[in-house]
Amino acid sequence: MSNIQDKMKQALWYAPLDVRIEEVPIPEIGPDDVLIKTRVSLTCGTDVKTYRRGHPQVKAPAPFGHEVAGDIVKVGSNVEKFRVGMRVVTHNTAPCGECFFCKENRPQLCKDTAWISGGHSEYVRVPGPIVRQNMFEIPDDVPYKMAALTEPFSCAVSGVERTPIELGDIVAVNGAGPLGLMIAALLKIKGCTVIQCDASDERLEIAKGFGVDHVININDVEDQVQAVKALTPYNMGVDVAFEVVGHPKIWEMTVEMVRNGGYANLFGGCKENTRFSIDTARIHYDEVTVFGIFHTTPKYVKLANDLICSGKIDLSPIITREMPFDDLMKAIELHGNQDGLKNALIYD
Ligand SMILES: [Zn+2]
Ligand SMILES: [Zn+2]
């Protein structure tokens, strides 16, 4: 035995509104795996959704949380890239590389995804496929909590990179939560004029800090679509619009605010079994392209990590506060009530 004890505290989801921090055995690792002692985990909108409504793919008791950075305390015998003592950030998943979708070059749709053993947990087992594809050493000058943004930021990077955006485009971002803000920050790097819509002045202030050109508080306007179009030449609509809320009504508005020939990226995942409707003319006569983007891929995980670790983008406004791990439920409540953005849980 090394200096690691055999028990740890881990957050487990039992049922909607029932998440418990319990003593469980520290995970064993296989020859391709790594064990991390968590230093920081971040709250995420997905945690809030799972906490409140559960998740169709989750059977209780299930590990809870997925944005993690920490120190390596064990490496499997086959692992060459990493050593005990390294500061690392891990993505929560990695594709298998072998299924139909991986071979179609759509690893975000992989049917045999590898997962970390938990997120809000004192120790995390990182399986071989993630160690090989989606785990990174953190440079000394980058705090754990900033590196831990790699996972959500990689989804924003994927959402922006997979959208046909041209230099100088006018782009609307509907929603200014963590993902909406990260998307807006990337669009500014790409030279776009960005219009951001949200119901919170506090979030819109943060958007301005990322250089967003126009903010619209949706409570201050009668018609969100017209308010966006009024900021475009001849009121014709934006070149590209993102939906980063996950609500069918906002999906519909997002499609409406795009100019003819433009693109609507419906990025926010909605509740199960919801539908939305759009005027057929938008697709046919107006040639608007409507599409969705799900999750991320190793290519964008690496790019996201590079952008954070090189200091090319400063995402610190996305993390509102630091709290001890034991205050997890308070941190999730604050996040869910939109009191600030993400919270960083600190482990001793
Ligand atoms: Zn997340
Ligand atoms: Zn696969």
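**Exercise 1.** Determine for helix 6 of this predicted model how many of its residues are buried, and which elements surround them.

*Solution.* Begin with the extent of the element: helix 6 covers residues 178-189, which makes twelve residues, and from its first C-alpha to its last it reaches 17 Å, close to the 16 Å expected at 1.5 Å a residue. Next, apply the criterion for burial, which asks for 20 or more other C-beta atoms within 10 Å. Ten of the twelve residues meet it, so helix 6 is largely enclosed by the rest of the structure. The buried residues are P178, L179, G180, L181, M182, I183, A184, A185, L186 and L187. These residues pack against helix 5 (150-161) and helix 7 (201-209), and also against strand 11 (170-174), strand 12 (193-198), strand 14 (238-243) and strand 18 (342-346). Finally, look past the end of the helix, where G191 follows with a positive phi near 80 degrees.

**Exercise 2.** Establish the strand order of the six-stranded sheet, identify its edge strands, and describe the helices that pack on it.

*Solution.* The six strands form an open sheet, with parallel pairing, in the order 13-12-11-14-15-16. Strand 13 (214-217) and strand 16 (289-292) each have a single partner strand and stand at the edges, so one side of each is left without a neighbour in the sheet. From one strand to the next, the twist averages 15 degrees.

Two pairings can then be examined in detail. Strand 15 (residues 258-266) runs parallel to strand 16 and is joined to it by four bridges, with F291 of strand 16 as the bridge partner of N265.

Helix 7 packs on the sheet, where it touches strand 12 and strand 13, and its direction makes about 175 degrees with that of strand 13. Helix 9 (residues 248-256) also packs on the sheet, touching strand 11, strand 14, strand 15 and strand 16, and its direction makes about 150 degrees with that of strand 15. The buried residues of helix 9 are I250, W251, M253, T254, V255 and E256; besides strand 11, strand 14, strand 15 and strand 16, they pack against helix 8 (224-229) and helix 10 (280-283).

The other pairing is that of strand 11 with strand 12, which is parallel over five bridges, and here I170 stands opposite T193 of strand 12.

**Exercise 3.** Decide whether the two faces of strand 11 are covered or uncovered.

*Solution.* Count the buried residues, which are five of the five in strand 11. Then separate them by side: I170, A172 and N174 lie on one side, V171 and V173 lie on the other, and with all of these buried both faces of the strand are covered.

**Exercise 4.** Describe the geometry and composition of the contact between helix 1 and helix 12.

*Solution.* The axes of helix 1 (residues 45-53) and helix 12 (residues 328-336) come within 9 Å and cross at roughly 100 degrees. Since angles of 65 to 115 degrees count as roughly perpendicular, the two helices are therefore roughly perpendicular to each other. Helix 1 contributes D47, V48, Y51 and R52 to the contact, and helix 12 contributes I332, H335 and G336. Sorted by class, the contact has three nonpolar, two polar and two charged residues.

**Exercise 5.** Work out the arrangement of the three-stranded sheet that contains strand 1 and strand 2.

*Solution.* This sheet is open, its order is 2-1-4, and its pairing is antiparallel. Strand 2 and strand 4 (62-63) stand at the edges with a single partner strand each, so one side of each is left without a neighbour in the sheet. Strand 1 (residues 7-15) and strand 2 (residues 18-25) pair over eight bridges, and K7 stands opposite P25 of strand 2. Their hairpin has two residues between the strands, and within it L17 takes a positive phi near 65 degrees.

**Exercise 6.** Decide whether the loop residue N92 is buried or exposed, and list the residues that it touches.

*Solution.* N92 lies in the loop between strand 6 (87-90) and strand 7 (93-94). It has 25 other C-beta atoms within 10 Å and is buried. When residues up to four places away in sequence are not counted, N92 touches H66, W115, I116, G119 and E151. The C-alpha atoms of N92 and G65 are separated by 9.0 Å, although the two residues are 27 residues apart along the chain.

Technical notes: Residues numbered from 1 in each chain as written. Chains lettered and ligands numbered in written order. Predicted model: local features only at pLDDT ≥ 70, side-chain atom pairs only at ≥ 80, totals over all residues. Axes fitted to C-alpha atoms, helices over the stretch in contact; angles between N-to-C directions. Parallel < 35°, antiparallel > 145°, perpendicular 65-115°, else oblique. Contact = placed C-beta atoms within 7 Å. Nonpolar A, V, L, I, M, F, W, Y, C, P; charged D, E, K, R; others polar. Expected span 1.5 Å × (residues − 1). Pairing = 2+ DSSP bridges.
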